[in-house]
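User: I'm new to this structure and would like a close look at a single part of it. Could you pick one residue, tell me about its place and its neighbours, and then walk me outward from there?

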Amino acid sequence: MAFDQIDRQILTFLQEDGRMTNVDLAERVGLTAPPCLRRVRALEDAGAIRGYHAELDPAALGYPITVFAMVSLRSQAEHDLAAFENHVAAIPEIRECHMLNGEIDFILKIVAADLKSFQDILTTHLTPAPNVASVKTSLTIRTAKALPGIPVRME
């Protein structure tokens, strides 16, 4: 799907505030409400907008610890990669899982209530998982930048 300037503005505004009313959005992009809503629905149908989410504060909800884990597997056969992905998908504290190119196979973003909770995740779910060769972890000290979404080019 090709995106015109108005589509890109809609994407930018909704990415900044997914709770914005259609009337407010239409006003910002210079449309009336009905054509604006049609454009939003078309962007949703095309898969450009995958969903709307609340941004939660992990610490306020009891998860002040964030750790990145670099996982190397013994085998990179597709069925082994898929098995690992399915394994981590079932662990709610693992919030992100990205397959990498290079000597590390996956990087995981893990949240935990405290260091003991993280250690439990590491020792009961990650290191003993089938096909895991090694796990290296780094505890986040602070987050300097965490923007949701992507930069939308206004071409």
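Analyst: Let's start with Asn 22, which lies in helix α2. Keep in mind as you look that this is a predicted model. Asn 22 is partly exposed, with a relative accessible area of 22%; the cut-off for buried is under 20%, so Asn 22 does not count as buried. Setting aside residues up to four places away in sequence, Asn 22 touches Ala 33, Cys 36 and Leu 37.

Those three neighbours lead us into a contact between two helices. Helix α2 covers residues 22-29 and helix α3 residues 33-45. Their axes come within 9 Å and cross at roughly 100°, which makes α2 roughly perpendicular to α3. From α2, Asn 22 is joined in this contact by Val 23, Leu 25, Ala 26 and Val 29. On the α3 side you will find Ala 33, Cys 36, Leu 37 and Val 40. Sorted by class, the residues of this contact are eight nonpolar, one polar and no charged. Asn 22 is the polar one, because asparagine is not on the nonpolar or charged list.

Helix α3 has another partner, helix α1 (residues 5-16). Here the axes come within 11 Å and cross at roughly 80°, so α1 is also roughly perpendicular to α3. The α1 side of this contact is made by Ile 6, Asp 7, Ile 10, Leu 11 and Leu 14, and the α3 side by Cys 36, Arg 39, Val 40 and Leu 43. By class, there are seven nonpolar, no polar and two charged residues in the contact of α1 with α3. Cys 36, which touches Asn 22, takes part in this contact with α1 as well as in the one with α2.

Now for a longer jump. Asn 22 and Lys 116 are 94 residues apart in sequence, and their C-alpha atoms are 46 Å apart in space. Lys 116 falls within helix α5 (115-126), so let's move over to that part of the model and see what α5 helps to build.

The largest nonpolar core has 20 residues. Within this core, the residues with the most contacts are Phe 84, Leu 108, Ile 110 and Leu 126. Four elements give two or more residues to it: β1 (65-73), α4 (78-89), β3 (106-112) and α5. The largest share, five residues, comes from β1. To get a feel for this core, try looking at Leu 126: leaving out residues up to four places away in sequence, Leu 126 touches Ala 69, Phe 84, Val 88, Ile 94, Leu 108, Ile 110, Ile 121, Val 132 and Val 135. There is also a second, separate core of 11 residues, which includes Leu 25, Val 29, Val 40 and Leu 43. You have met these residues already: Leu 25 and Val 29 in α2 meet α3, while Val 40 and Leu 43 of α3 take part in the contact with α1.

Back in the 20-residue core, Phe 84 deserves a second glance. A search of the whole structure finds one aromatic pair, and it is formed by Phe 84 and Phe 106. The pair is tilted, at 4.8 Å centre to centre with 40° between the planes. Phe 84 lies in helix α4 and Phe 106 in strand β3, so the pair ties together parts that are 22 residues apart in sequence. Both of these residues are buried.

From Phe 106 you can step to two of its neighbours. One is Met 70, whose place is in strand β1. At 19% relative accessibility, Met 70 counts as buried. Besides Phe 106, the residues Met 70 touches include Ile 104, Ile 107, Val 135 and Thr 137. The other neighbour is Cys 97, in strand β2 (residues 94-99). Cys 97 is partly exposed, with a relative accessible area of 31%. Apart from its neighbours within four places in sequence, Cys 97 is in contact with Val 88, Phe 106, Ile 107 and Leu 108. Leu 108 also touches Leu 126, which brings us back to the core we have just explored.

Note on methods:
Residues are numbered from 1 along each chain as its sequence is written. This is a predicted model: local features need pLDDT of at least 70, side-chain atom pairs count only at pLDDT 80 or more; totals for chains, interfaces and linings use all residues. Side-chain values use heavy atoms; hydrogens and water are left out. Axes are lines fitted to C-alpha atoms, for helices over the stretch in contact, and angles run from 0 to 180 degrees between N-to-C directions. Angles under 35 degrees count as roughly parallel, over 145 as roughly antiparallel, 65 to 115 as roughly perpendicular and the rest as oblique. Contact means heavy atoms within 4.5 Å. A nonpolar core is a set of buried Ala, Val, Leu, Ile, Met, Phe, Trp, Tyr and Cys residues joined through side-chain atoms within 4.5 Å. Buried means under 20% relative accessible area, exposed over 50%, partly exposed in between (1.4 Å probe, protein chains only). Rings of Phe, Tyr and Trp (its six-membered ring) pair if their centres lie within 6.5 Å; planes under 30 degrees apart count as stacked, over 60 as edge-to-face and the rest as tilted.
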